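Visitor: I should like to understand the terms applied to this structure. Please set each one against its definition.

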Amino acid sequence: MNSKTLTNLSTGFPKRILRLDASANPGDSSSRKLGDHLLRQLEQDNPAIETRERDLNTDLSFIDSSWIAANFTPSDEREATQKARLRFSDELIAELNWAEHIVLTTPMYNFGIPATLKAWIDFICRAGVTFRYGANGAEGLLKGKRVDIVITTGGAPLDSPLDFVSGYLRQVFNFVGIEDINIIGADQMNVDAEASFSKAVSQIEQIYPAIAA
Ligand SMILES: Cc1cc2nc3c(=O)[nH]c(=O)nc-3n(C[C@H](O)[C@H](O)[C@H](O)COP(=O)(O)O)c2cc1C
C-alpha cells in the first residue's frame with residue numbers, strides 16, 4: 001500500500017460519520033473488524049461523534065427500468081409512483097449528505113467489489129443530485145467530505161493488475177466530489193492473515209494516531 005495515500009486529519013475531527021459495510025459474512029468479517037477499530041480510534045478521541053451505520057447486505061436491491069425512468073424524469077414532473085421509486089435512493093443520498101466522514105469497509109469479491117456495494121453506488125450516483133454535467137464535464141456535488149475505505153483480499157495484492165477495487169472506488173468517490181480518500185488495505189489475508197491485519201491496523205493508527213500512542 002502506498003503510504004502517500006495516508007494523511008492525518010488536519011482540520012479537526014469530524015462529528016458525523018456514516019459507516020457502510022459490504023462484507024456478506026458479517027459474523028466473521030476482517031474488513032468489518034478493521035472498521036470497528038477505525039471507529040474506536042475516532043470515537044474514543046471525540047465523544048461528540050455521531051455515527052450512522054448501513055449494512056449493505058440488508059435492504060439493497062437493484063436499479064431497474066422503472067427506477068431509470070423516474071431518475072431521468074425532471075424532478076418537478078415526477079408522478080407519485082416515480083417519487084416513491086426513488087425514495088430509497090433519496091434516503092441513501094441523504095445519509096451521504098448528512099455525513100462529514102464516510103467509513104466504508106469491503107472485501108474483494110472476484111477481483112471487484114461485492115454486488116451489494118455496486119448496487120449502493122448505482123443508487124447514489126444521480127445526475128443533478130450527486131453530480132452534474134457542466135461546461136467542463138462532470139462535477140461532483142458532495143464536496144468537503146472525507147472517506148476512509150478498508151479493503152480486504154484473500155490473495156490479490158492491492159494496486160496490482162488483479163485489483164479492480166481500489167481504483168474503481170477512488171473513481172466513484174471522486175466522481176461525486178469526494179476527493180479526500182484514504183485506502184486502508186489488509187490484502188493477501190490468505191498468505192499471512194495476522195501480518196495483513198496488523199499492517200492495516202498500523203495504517204489506521206498512522207492516520208488516527210491519538211489513541212494508538
Ligand atoms: C465470494 C468471494 C469471492 C472472493 N474473491 C476474491 C478475489 O477475487 N480475490 C481475492 O484476493 N480474494 C477474494 N476473496 C477473498 C476475500 O476477499 C477475503 O477472504 C476477505 O478477507 C474477506 O473479507 P471479510 O472477512 O471482511 O468478508 C473472495 C471471497 C469470497 C467470499
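Visitor: What makes S4 and S5 a pair, and in which sense do they run?

Guide: This is a predicted model, in which local features need pLDDT of at least 70 and side-chain atom pairs pLDDT 80 or more, while totals for chains, interfaces and linings use all residues. Residues are numbered from 1 along each chain, and side-chain values use heavy atoms, without hydrogens and water. Two strands pair if DSSP finds at least two bridges between them; S4 (residues 131-134) and S5 (residues 137-140) share four bridges, in the antiparallel sense, and therefore count as a pair. Strands are DSSP runs of E, at least two residues, numbered from the N terminus. Phenylalanine 131 stands opposite glycine 140 in S5, and a hairpin of two residues joins S4 to S5.

Visitor: Why is the approach of serine 31 to the ligand called a polar contact?

Guide: A polar contact is a pair of N or O atoms within 3.5 Å. A polar side-chain atom of serine 31 lies 2.5 Å from a ligand oxygen atom, so the pair qualifies. Ligand nitrogen atoms also take part: one is 2.8 Å from a polar backbone atom of asparagine 110, and a backbone N or O atom of glycine 154 lies 3.0 Å from a ligand nitrogen.

Visitor: How do you know how much of the ligand the protein buries?

Guide: Taken alone, the ligand exposes 630 Å², of which the protein buries 71%; the areas come from the Shrake-Rupley method with a 1.4 Å probe.

Note on methods:
A polar contact is a pair of N or O atoms within 3.5 Å; within protein, one must be able to donate a hydrogen and the other to accept it, and residues adjacent in sequence count only if both atoms are side-chain atoms.
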